[in-house]
Structure formats: C-alpha cells, structure tokens
Amino acid sequence: MQMSGGAVAESAEAPAVYVRSWLEEEVKDALKRAFGDEVGDPNPMITAATKPEFGDYQCNAAMPLSKKLKSKPRDIAQKLLEELSPKITPIFEDPEIAGPGFINLKFRGEYISRRLEQMLQDEERLAVPPADKPQRIVIDFSSPNIAKEMHVGHLRSTIIGDCLARLAEFQGHNVLRLNHVGDWGTQFGMLITHLKNQGFSPDKGLKDLAIGDLVDFYKEAKKRFDESEEFQHTSRKEVVKLQAGDETSLAGWKLLCEASRGEFQSIYDRLEVSLEERGESFYNPLLSDVCKDLTELKLLEESEGAQVVFLENANKDKDKTPFLIRKTDGGFLYSTTDLAAIRHRVTEEKADRIIYVTDSGQAQHFSQVFQVAKLAGWVPEGVQLEHVPFGLVQGEDGKKFKTRSGETVKLRDLLDEAVRIASEDMKGRIEEEGQEWTDANDATSKVVGIAAVKYADLSMNRESNYRFSYKKMLSLSGNTAPYMLYAFARINGIRNKLGEGVKQDATISLAHPSELLLARHLLSLPELLGEVEATLYPNRLCDFIFELSQRFNQFYENCPVAKAPTEAEKESRAALCVVTANTLKLVLGLLGINTVDASEPLEHIRASAQLQLGSSSAWSTLNVTIATTTSSTEIGDSETGLRLAGLGAARDSEYH
C-alpha cells in the first residue's frame, strides 16, 4: 500500500514500519469481511491512543457504523475483532474493547524490541525505508532579487525550503532545488543605465568598477529614476535593448547578476543550503508561447487593452476575476513567467510534485496560476502543484522587523549577530575558567548561532507570524536549538563513556514504563516523516525531537545505564541511548542543523548551550547551575520544570 512518503508498509508477517496506514487497510478489509457490502467504503478511524495506558492506537470505526448496521457499537466492535485479531497478532497484543465501542490496540513488547534493534543496526537511516516509487519533486524556494541584498524576508523561504528538500531527499525522492531569482524585468533598464554612467563597457569586469555595496547601487539608481525624467526615458530604452539582446546591455546585466550571485552564495554557504539557480530570465524565451497557446485554447481574452484569463470566483454570484497575463504595452508579468515555469517543470523536468515556498501574501497569486495551468491542460493527472505559505518575521514588538534606523534587516547581519552573541558568551565562560579560545570553540559557536536562527523559524507553525528574539532562540530553556544540541551532546556523551558497553547487535528488552514510553516515541519516526512530507509542516519535526528529549529525561532519571542491575539491562539501556542520539542527529540534520562534535570537551558544549544576552544574572531567573566537567549538571525552568537529559547529581555522578 502506498504511503504519503511513497514507502510501502510491510505485511503483518514482518514488522510493519508504517503501522498506522497498514492498520487502516487491515481494519477496512476486516469490516468488509464481517459485514459485506452493507458496510460500503468504511472509514477505519485509526488514531493515536490518547493515553499510554490505552495502548498505541485506537480504532473508533464501530460508533459511526451503528446506525447503518442497526447494531450496538460494542457488538460491531466485537464482530470486527473476530476478523481483525488474527491478522494483527504478530504486532499487537489482544485488542480490548472499551467504553461504548472503542478498540484499544497495544504493541507487543517483542515487536517494539525488534523494531528498535533494527534502528540500532541502521545508524544512517534508522530502518526508515526509502520510497518504493520515488517521485521527481521540484521545490522552488529562496528567490532573492538581483542587485538587492538578501534580507530577513528571505530567511523563512530559504530555511523552510531547504528542510522540505532534505526530507524529500531522505525519503528517496529525486529532488530539484530551484532558486527562481528575480533576474529579469524593467528594473534592469534603470540599473544598467546607472551602470553605464559609472563607466561600464563590455571589456570591464567587477574589479574594474567601483560598484561598492549592491544595495547602495540599487538605491542610487532608484533615486535617479524617481528624480529625473531623462534618466527614466533612457532606462526604458535600455529595457528594450536588453530584451533585444544588445551586447553591451547583456554584458551589464550579466555583471550585475554575477555580483549578486556571489553575495547570495556566501549566505547559502553559511546556511549550508544548496540550490540550482534558474531565474526569470531562463523562462523569457518561453513567454510568447504561453500567450500563443492560451489564445489557441480560447482562454486568453482582451480586457481594457491587456490580455487576461477570466477565472471563476469561489462565490459563484460574483463576476469572474481577470488574471493578467500580458500588459497593455505588451510586457509580460510574474504570472506569465510562473505559467512558463510550470510548463517547463512538467514537460522537461518530468515533475510529479511542484512545491512553491513563499510568503502567505502570494497565496492568491499561486492559486490563480495553478487554476490557469490546469484550465490549459498543462498539469497532467497525478501531478501536484502546492503552495507552501509562511507568515511574517516580526520584531519583538510585533511590528515589522527593522533596524533601529527603520530599514529592513539584512540576512547577513542577522546571522552575524546570532553568531556574535553565541561566540561572546562562550568566550567569556572559557576565559573565566582560565582556558584559551580554540578553533574548535569558534566552530562550535558558529554551529550554535546558525542553528538557533534556523530552529527558531522551523519550530513555529510556518503559517504563523513569529517574533524574532535572539534571547529566546539562544535560550537553553524550552524548544530551542541550544537545548536540542546540548541534549544530543549529553546523550552522545553517555554513549562515548560506555565505550565497549554499546553493542550494535544488542538485544533490547524493555520493562520499565519510562523505557517503553521512550521506545514507542522512537518507533513513530517513520510515520512522522511521511506525514511531514505530505503536509509540509517542519515544526512537527521540532516537536518530535523536543518530546523525544523529554522522554529520554524520564527514562534516564528512572533507569540507570552504567550501573544497571544486570549486564543485559545495561546493554539494552545503552542501546536505547544510541538509538535516541542517532534519532536526534537524523532529525536535526533534516532541519539543516549540524550537531556539535561529541569528541569536543563537554564543558565547551555546555558553554555553547548555555547562551544568554546581557549579564550572567539573567540566568538566575531560570535556575541554571553551570557545572564544570567534574560535577553534576541540572538545568531547570521555573515554568516548565524541564530537566535537560535528567542529569541530577545522583545519576550524573556515575560518569565522573
């Protein structure tokens, strides 16, 4: 059976990885066997159990069928189980009927152990199978404009798009990461005219011209355009020359693109984001055919001198909405380019799924573009067009995020500031201990600073606006990157200290409730990845690892590892630590976040994790005790009561 992520659940005879979808099919089949055609196409209504004591899944199919089958829900549930139980026995214990007719399903202990052992043996993929039918997925994200510096507005598209691409690649799909840069249009007439006034000619390169800051260059050109009619006239003529392929104009355009490309790449390198540039200019030769084909299909109409496609309104009582394809002066628009891009991506790239990651303000635009493409027959059945909208990045006051001077925050400056705060705090702590700043410390501070920015964005529901706060994103309390990096480092440190006590072929046996809670959460990884791939909400990955760290805390507080009562328990619990660490590393990697090298001295990781703004007294309100490498570490939050990795003095001392 096909999963949302393209993978297929195994039969009941083998440990099913995608349990929920497998169970849904088994329930459907069991209902049909039990009640025949009378049941129709039943909804299996499988949900995750609301409480651990209820098991792992709950089937609620009996209640809504009561009226149709003219039977009591409990009687329906009982008859359903007579057909279902033999099929699911290898994975679930004997199901229980609760309340009016709920069916509670609980994993067998041996099944949980077997799945965990598979995860232990597969450090790279944690036994998550790749898609059996890989798709060609095009993800369009980032998309800055030439001659303009990347700003905070590009942050979300770049980070969210990269995360979705990483996930799709991990799932085994063929992913094309496209950067639809704004490298064409009327603004280039203005820019090239200004460039020529600076002494540009085709035989001069970047080093021959004192362009300086590209943003300043753009502002200077825009100022001249706004103030001088002669400059405006020359700029418009320059656009015509550029579109006609004039050698000097094209050389100037390429120079501006080259300068911008270098600036963009420096940001992408810092974020470790890879993209293939395919700007608006790439589709320029295809625009006339878009209009020609829409005309032949009798979709393109003239309206007030412009060419439009009329689209139906959701409210049928309202007039159709005109969607502009070509301006009155014959110029093309973003809409024309986006239609050409869809055609190219479907016909040439053979895309099965095309995803656009832009702000929510463009939702209507993409909805209309998709409608036109489908009306024109350019989207074959089975090809998905999806817009992934996201909210605004705001300042801590809830208003537009700006510098003190009122300008848009540059992305480069934002990243610099995050790394600076991380670095300064870490330096202060290391110097207090009489140690020297090393290259390893510098690398760690950069990892933490960049990770904090990424995680703060990805941990939010992408459709929500969020308030950008260095203090919150660099906090060790709650669902933040420093918290997760430190949690990974501590768990990984446990593995390293156990040394030969960790066996890749260990037998995992679970008895304590906190062991089982942790294990069940680990087993939900494949289904989570499939759901995020389908719904495109990366915050669910952050929620998963945050809950994973908390469940590990409970396990570690209740279940000694190095001092476990028996060697068998020590081996099993050590294996749980390894699977947890590997899971954290895998999911952080999908978020585009590097983990800190576990070989670094632990105090450096602690220093990097315990970041702050301002004086050290700020942390006293969070009840933070910073420990040296020879004492225990406990990190609490007065509101949430979080205890990072559960490392109180009694438990932590076993490693020192």
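**Exercise 1. Surroundings of helix α6**

Task: In this predicted model, determine which helices the buried residues of α6 pack against, and state how many residues of α6 are buried.

Solution.
1. The buried residues of α6 have three helices as packing partners: α7 (214-227), α8 (229-244) and α9 (247-271).
2. Helix α6 spans residues 187-197, and 8 of its 11 residues are buried.
3. These buried positions are Phe188, Gly189, Met190, Leu191, Ile192, Thr193, His194 and Leu195.
4. Because 8 of 11 residues are buried, α6 is largely enclosed by the rest of the structure.
5. Just after α6, Gly199 adopts a positive phi of about 100 degrees.

**Exercise 2. Two helix pairs that involve α18**

Task: Classify the packing of α18 with α4 and with α20, and identify the residues that meet in each pair.

Solution.
1. Two packed helices are described by the angle between their axes and the distance between the axes.
2. For α4 (residues 109-121) and α18 (residues 513-523), the angle is about 60 degrees and the axes lie 10 Å apart. That angle makes α4 oblique to α18.
3. The crossing of α4 and α18 is left-handed.
4. On the α4 side the residues are Tyr111, Ile112, Arg115, Leu116 and Met119; they meet Leu516, Ala519, Arg520, Leu522 and Leu523 of α18.
5. For α18 and α20 (residues 539-558), the axes come within 8 Å and cross at roughly 160 degrees. Angles over 145 degrees count as roughly antiparallel, and α18 is therefore roughly antiparallel to α20.
6. The crossing of α18 and α20 is also left-handed.
7. From α18, Ser514, Glu515, Leu517, Leu518, His521 and Leu522 take part, and their counterparts in α20 include Phe544, Leu548, Phe552 and Phe555.

**Exercise 3. The setting of Pro144**

Task: Locate Pro144 relative to β5 and α5, decide whether Pro144 is buried or exposed, and list its contacts beyond four places in sequence.

Solution.
1. Pro144 belongs to the loop that runs between β5 (136-140) and α5 (153-170).
2. The relative accessible area of Pro144 is 0%. The limit for a buried residue is under 20%, so Pro144 is buried.
3. Leaving aside neighbours within four places in sequence, Pro144 is in contact with Met150, His154, Asn179, Val181, Gly182, Phe264 and Tyr268.
4. Thr158 is 14 residues from Pro144 in sequence, and their C-alpha atoms are 9.6 Å apart.

**Exercise 4. Nonpolar cores and cysteines**

Task: Describe the largest nonpolar core, name the helix that gives the largest share of this core, and report how many disulfides the structure holds.

Solution.
1. The largest nonpolar core has 148 residues, and those with the most contacts inside it are Phe92, Leu116, Leu414 and Leu591.
2. Helix α21 (residues 567-590) supplies the largest share of this core, namely 12 residues.
3. Another core, of 32 residues, lies apart from it; among its members are Ala340, Ala351, Val372 and Ala373.
4. Beyond residues up to four places away in sequence, Leu591 touches Cys163, Lys454, Tyr455, Leu458, Pro538, Leu541, Cys542 and Ile545.
5. The structure holds 0 disulfides. Cys257 is buried at a relative accessible area of 3%, and Cys291 is buried at 4%.

**Exercise 5. The protein as a whole**

Task: State how many helices and strands the protein has, and what percentage of its residues count as buried.

Solution.
1. The protein has 23 helices and 16 strands.
2. Of its 656 residues, 53% count as buried.
3. Among contacts with a separation of 6 or more, 72% are between residues 24 or more positions apart.

Definitions and conventions: Residues are numbered from 1 along each chain as its sequence is written. This is a predicted model: local features need pLDDT of at least 70, side-chain atom pairs count only at pLDDT 80 or more; totals for chains, interfaces and linings use all residues. Side-chain values use heavy atoms; hydrogens and water are left out. A disulfide is a pair of cysteine sulfur atoms within 2.5 Å. Buried means under 20% relative accessible area, exposed over 50%, partly exposed in between (1.4 Å probe, protein chains only). A nonpolar core is a set of buried Ala, Val, Leu, Ile, Met, Phe, Trp, Tyr and Cys residues joined through side-chain atoms within 4.5 Å. Helices (H or I, at least four residues) and strands (E, at least two) are DSSP runs, numbered from the N terminus. Contact means heavy atoms within 4.5 Å. Axes are lines fitted to C-alpha atoms, for helices over the stretch in contact, and angles run from 0 to 180 degrees between N-to-C directions. Angles under 35 degrees count as roughly parallel, over 145 as roughly antiparallel, 65 to 115 as roughly perpendicular and the rest as oblique. A crossing is left-handed if the near helix is turned anticlockwise from the far one by less than a right angle, and right-handed if clockwise.
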